[in-house]
Protein chains: 2
Amino acid sequence: MSDLPAEFALIARHFRPLAGPGALDLGDDAAVVAPPPGRELVIAADAMVAGVHFLPDDPPDLIGRKLLRTNLSDLAAMGAEPFGYLMTVSVPRGTPDGWFAGFAAGLDADQREFGIALLGGDTTSTPGPVSLSLTVLGHVAPGAALRRVGAQPGHALYVSGTIGDAALGLLALRGEVADADGVLADRYRLPRPRLALGRRLHGIAAACMDVSDGLVQDAGHLCRAGGLGCTILAAELPLSAAARRVGRLETCLTGGDDYELLFAVPPEREAALADAPVTRIGHFHAGPARVAVLGPDGAPMPLAGGGWSHFG
Amino acid sequence: MSDLPAEFALIARHFRPLAGPGALDLGDDAAVVAPPPGRELVIAADAMVAGVHFLPDDPPDLIGRKLLRTNLSDLAAMGAEPFGYLMTVSVPRGTPDGWFAGFAAGLDADQREFGIALLGGDTTSTPGPVSLSLTVLGHVAPGAALRRVGAQPGHALYVSGTIGDAALGLLALRGEVADADGVLADRYRLPRPRLALGRRLHGIAAACMDVSDGLVQDAGHLCRAGGLGCTILAAELPLSAAARRVGRLETCLTGGDDYELLFAVPPEREAALADAPVTRIGHFHAGPARVAVLGPDGAPMPLAGGGWSHFG
């Protein structure tokens, strides 16, 4: 279904060097892959559209890396080990070759970093904005995939890394907050999928997901999957030095795109996380599937955007 | 990475009923699938954009079915057995609920017909046209996948079904050719992936692909993969009664979207196809990777669009 005049040359030049063994040089109708024997396949797909999920003039290498990393974050949330991906790329006619070169260079860098390879896909034209879709494949021991369902009353709520940087980074790119050293913008443009942590959480986390829609909204997903409530203590939020300087606590609670892991831990397993880059920010309890946030003063915080009132 | 306000309700209403066992009710970050033991995974991805691959006002159920079937055709070309798919859907804000209902109804009908289920995906907004991407998963016995490489001099070139109907159907939808009973338009809108034939070709076809870009162009792919030439006899083309009435032989040779299987068969295996819905249309021979077409009069046919001169 190719419709770009130079599609074949374009694929050969930019995408074939990214192809893994199962990709058959991207020259067949499909890829053939033998997953490791005795492992289950874990597979996720996300789309990104220019003007919605990234800024149209973002550097193309960062667009490629963000596309790959947001999908890898879904595998991290399941505790899976990634091994490859398929991708469809729809671009306006006349997109310069340099854009593809940059996009492929970003993918290449991340393929090396994460030990994965391109398996197949499609390139088409579009009369609209650049539209990207990526399907990532990984594997996990049978029955061991981390799930959103599983939190119980009394479990602690943990989050990895720092929270809110990506949402503040988007505001910084729009000139709305200060970001002198570019740390926040970098967190928005380049997610860090927590793959090693995800694998480590087997046998520790009772439920897990990645934070893409915002901490409070995603905690609501864990609550609804488990049929219970949770309380987040805003004073415990892991904030970067840059986020502390900006000081928009509500944005950090509700902003998206962090791609950290958010997970439930039974009390008896918390000691196993003593040396992990994670923070206990609250706990689950019986009650309606609702997220309550207690502010630094201990009083319930009303949240305007994406807050707990959406989940009553 | 959801950004449609009603995304969760929309997924629950229209897409969750399509979800298979590994999809975890579309409620987790990824799907978990155990491919049949001892089989290799076969996986392909294609994108479709409104205004490029389908007409914006095409019935949404047919859009869903075409998206699924073009991908299933890639598995047919490899001789694989499909079992599931992931899909990303980017639509303009304000897309009516009825569009999603129709789109999902089309997918549901084809899931039943082909014995597959939805495994996961993503729904986002776009400021541009509807952009769809689908990744289809299947399996095959180890080493048995049909490939584009493998044709040898002396092999016959076969094609399944009839050729050219889809390209004529697009012309009919544009009012450029007659299609009184709608047979041609139906072939354009609703591909028939030749899955049963693809599986039957194990041990018979030496090389195989599906016809998506046009018969002559796709025969060129088989030539280049095998490093040899082929000659197509236009008089042998399997044309439907409707295509014969229209009489545009060149469109049938070069038009796309047929999704029939095009394959090479060693002479000693041709007898195995005696009762199959396939037609011998030419043969492979030594020489440069080039497709020659001999017209009904036996003389070489020059082809303006997508013809053999592009493959010298």
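Helices (H or I, at least four residues) and strands (E, at least two) are DSSP runs, numbered from the N terminus. This is a predicted model, in which local features need pLDDT of at least 70, side-chain atom pairs count only at pLDDT 80 or more, and totals for chains, interfaces and linings use all residues. Residues are numbered from 1 along each chain as its sequence is written, chains are lettered from A and ligands numbered from 1 in the order in which they are written, and side-chain values use heavy atoms, with hydrogens and water left out.

**Exercise 1. Place V216(A) in its helix and state its burial.**

Step 1. Find the helix. V216(A) lies in helix 7 of chain A, residues 215-226.
Step 2. Learn the cut-offs. Buried means under 20% relative accessible area, exposed over 50%, and partly exposed in between (1.4 Å probe, protein chains only).
Step 3. Apply them. The relative accessible area of V216(A) is 0%, so V216(A) is buried.
Step 4. Look along the chain. P238(A) is 22 residues away from V216(A), and their C-alpha atoms are separated by 14 Å.

**Exercise 2. Work out the strand order of the open sheet and its edges.**

Step 1. Know the pairing rule. Two strands pair if DSSP finds at least two bridges between them.
Step 2. Read the order. The sheet has five strands, 1(A)-2(B)-5(B)-3(B)-4(B), and its pairing is mixed.
Step 3. Name the edges. They are strand 1 (31-33) of chain A and strand 4 (117-125) of chain B. Each has a single partner strand, so one side of each is left without a neighbour in the sheet.
Step 4. Add the twist. On average, neighbouring strands are turned by 20° against each other, direction ignored. Axes here are lines fitted to C-alpha atoms, for helices over the stretch in contact, and angles run from 0 to 180 degrees between N-to-C directions.

**Exercise 3. Describe the surroundings of strand 3 of chain B.**

Step 1. Take one partner. Strand 3 (residues 81-91) pairs with strand 4 of chain B in the parallel sense, over eight bridges. Y85(B) has L118(B) as its bridge partner there.
Step 2. Take the other partner. With strand 5 of chain B the pairing is antiparallel, over nine bridges. P82(B) is bridged to G138(B) in strand 5 of chain B.
Step 3. Add the helix. Helix 3 (residues 97-114) of chain B packs on the sheet and touches strand 3, strand 4 and strand 5 of chain B. Contact means heavy atoms within 4.5 Å. The direction of helix 3 of chain B makes about 170° with that of strand 3 of chain B.
Step 4. Check the cover. Ten of the eleven residues of strand 3 of chain B are buried.

**Exercise 4. Decide how enclosed helix 4 of chain B is.**

Step 1. Use the burial count. Eight of the nine residues of helix 4 (residues 165-173) are buried, so this helix is largely enclosed by the rest of the structure.
Step 2. Name some of them. The buried residues include D165(B), L168(B) and L171(B).
Step 3. Find the cover. It includes helix 5 (183-189), helix 8 (241-246) and helix 9 (249-254) of chain B.
Step 4. See what follows. After helix 4 of chain B comes G175(B), with a positive phi near 80°.
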